[in-house]
Amino acid sequence: MKVVDILRVKGGTLFTVTPDEQLAQAIATMAERDIGSLVVMEHGDLVGMLTFREVISAVVANGGSVGGSLVRKVMDDHPLTCTPETEIDEVRRMMLGRHARYMPVLNGRTLMGVISFYDVAKAVVDSQDFENRMLKAYIRDWPLEENPEPESKL
């Protein structure tokens, strides 16, 4: 299974922010949309990710308030990325290695979407469930032997 399979099911809705936007506005967008991340884009290019992890760190560093910080100051400016053709097992390994919950999907320089660790876990579980059902159906339909060999009597 590949990232493109997740994107096909997930759809193409993306929420972005510019690096020079006020952090408070970005947080408001995240709250309104009930999302855990925003892709930071500048001049059509991915320049970072803003997740609730960066937001919490910024709030703590600012004494408990958002203040007048810009997204640029708190964003992850080196987010993990993958391509639509990346295997899900590789994505899972990468996300676990960096404790990343969100990963932008790039086709060249074009942003195709964002996948979350939840999306990856759901795809793996769905795949395993399908395989499990197929195996059970195969076992249930196992052909009976017509002429079983007689047991030897020793």
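These legends walk through close-up views of a predicted model.

**View 1. The largest nonpolar core.** Here we look at the largest nonpolar core, which holds 16 residues. V3, C82, V91, M103, I115 and V120 are the residues with the most contacts inside this core. Two or more residues come from each of α1 (3-10), α5 (88-98), β4 (102-107) and α6 (117-140). The largest share, four residues, is given by α5. Apart from this core lies another one, of 12 residues, and V17, M30, V40 and A58 are among them.

**View 2. The surroundings of M103.** Let us stay with one of the residues named for the largest core, M103. Which residues does M103 touch, not counting residues up to four places away in sequence? They are L80, T81 and C82, then V91, M94 and M95, and finally G113, V114 and I115. Two of these partners, V91 and M95, also take part where α5 meets α6, as shown in View 5.

**View 3. The two sides of helix α1.** Start with the buried residues of α1, which are V3, I6 and L7. They sit on the same side of α1 because the arc they cover around the axis is only 100°. A general rule helps here: an α-helix has 3.6 residues a turn, so residues three or four places apart point the same way. Turn to the other side of α1 and you will find R8 and V9, both exposed. The partners that the buried residues of α1 pack against are α5, β4, β5 (110-116) and α6. After α1 comes G11, which has a positive phi, near 100°.

**View 4. Helix α2 and its crossing with α3.** This view pairs helix α2 (residues 23-33) with helix α3 (residues 52-61), whose axes come within 12 Å and cross at roughly 135°. The two helices are therefore oblique to each other, and their crossing is left-handed. From α2, the residues making the contact are L23, I27 and M30, while α3 brings F52, V55 and A58.

Is L23 in α2 buried or exposed? L23 is buried, and so are A26, T29 and M30. These four cover an arc of only 120° around the axis, which puts them on the same side of α2. On the other side of α2, A31 and E32 are exposed. Besides α3, the buried residues of α2 pack against β1 (16-17), β2 (37-42), β3 (45-51) and α4 (71-74). D34 follows α2 and has a positive phi, near 55°.

**View 5. Helices α5 and α6 side by side.** The axes of α5 and α6 are 10 Å apart, and the helices pack at an angle of about 140°. That angle makes α5 oblique to α6. The crossing of α5 past α6 is left-handed. On the α5 side, look for I88, V91, R92, M95 and L96; they meet F117, V120 and V124 in α6.

**View 6. F130 in helix α6.** Further along the chain in helix α6 is F130. With a relative accessible area of 46%, F130 is partly exposed. How many residues separate F130 and R8 along the chain? The two are 122 residues apart, and their C-alpha atoms are separated by 18 Å.

**View 7. S69 in a loop.** Between α3 and α4 runs a loop, and S69 is found in it. S69 counts as buried because its relative accessibility is 13%, and buried means under 20%. Not counting residues up to four places away in sequence, S69 touches E21, Q22 and L23. L23 may be familiar from View 4, as one of the α2 residues that make the contact with α3.

**View 8. Two histidines with positive phi.** Our last stop brings together two loop residues, starting with H43 in the loop between β2 and β3. H43 is not a glycine, yet its phi is positive, about 55°. H43 is exposed, at a relative accessible area of 77%. Where is H99 found? H99 is in the loop between α5 and β4. H99 has a positive phi of about 55° although it is not a glycine. At 59% relative accessibility, H99 counts as exposed.

Methods: Residues are numbered from 1 along each chain as its sequence is written. This is a predicted model: local features need pLDDT of at least 70, side-chain atom pairs count only at pLDDT 80 or more; totals for chains, interfaces and linings use all residues. Side-chain values use heavy atoms; hydrogens and water are left out. A nonpolar core is a set of buried Ala, Val, Leu, Ile, Met, Phe, Trp, Tyr and Cys residues joined through side-chain atoms within 4.5 Å. Buried means under 20% relative accessible area, exposed over 50%, partly exposed in between (1.4 Å probe, protein chains only). Contact means heavy atoms within 4.5 Å. The arc is that of the directions from the helix axis to the C-beta atoms. Axes are lines fitted to C-alpha atoms, for helices over the stretch in contact, and angles run from 0 to 180 degrees between N-to-C directions. Angles under 35 degrees count as roughly parallel, over 145 as roughly antiparallel, 65 to 115 as roughly perpendicular and the rest as oblique. A crossing is left-handed if the near helix is turned anticlockwise from the far one by less than a right angle, and right-handed if clockwise.
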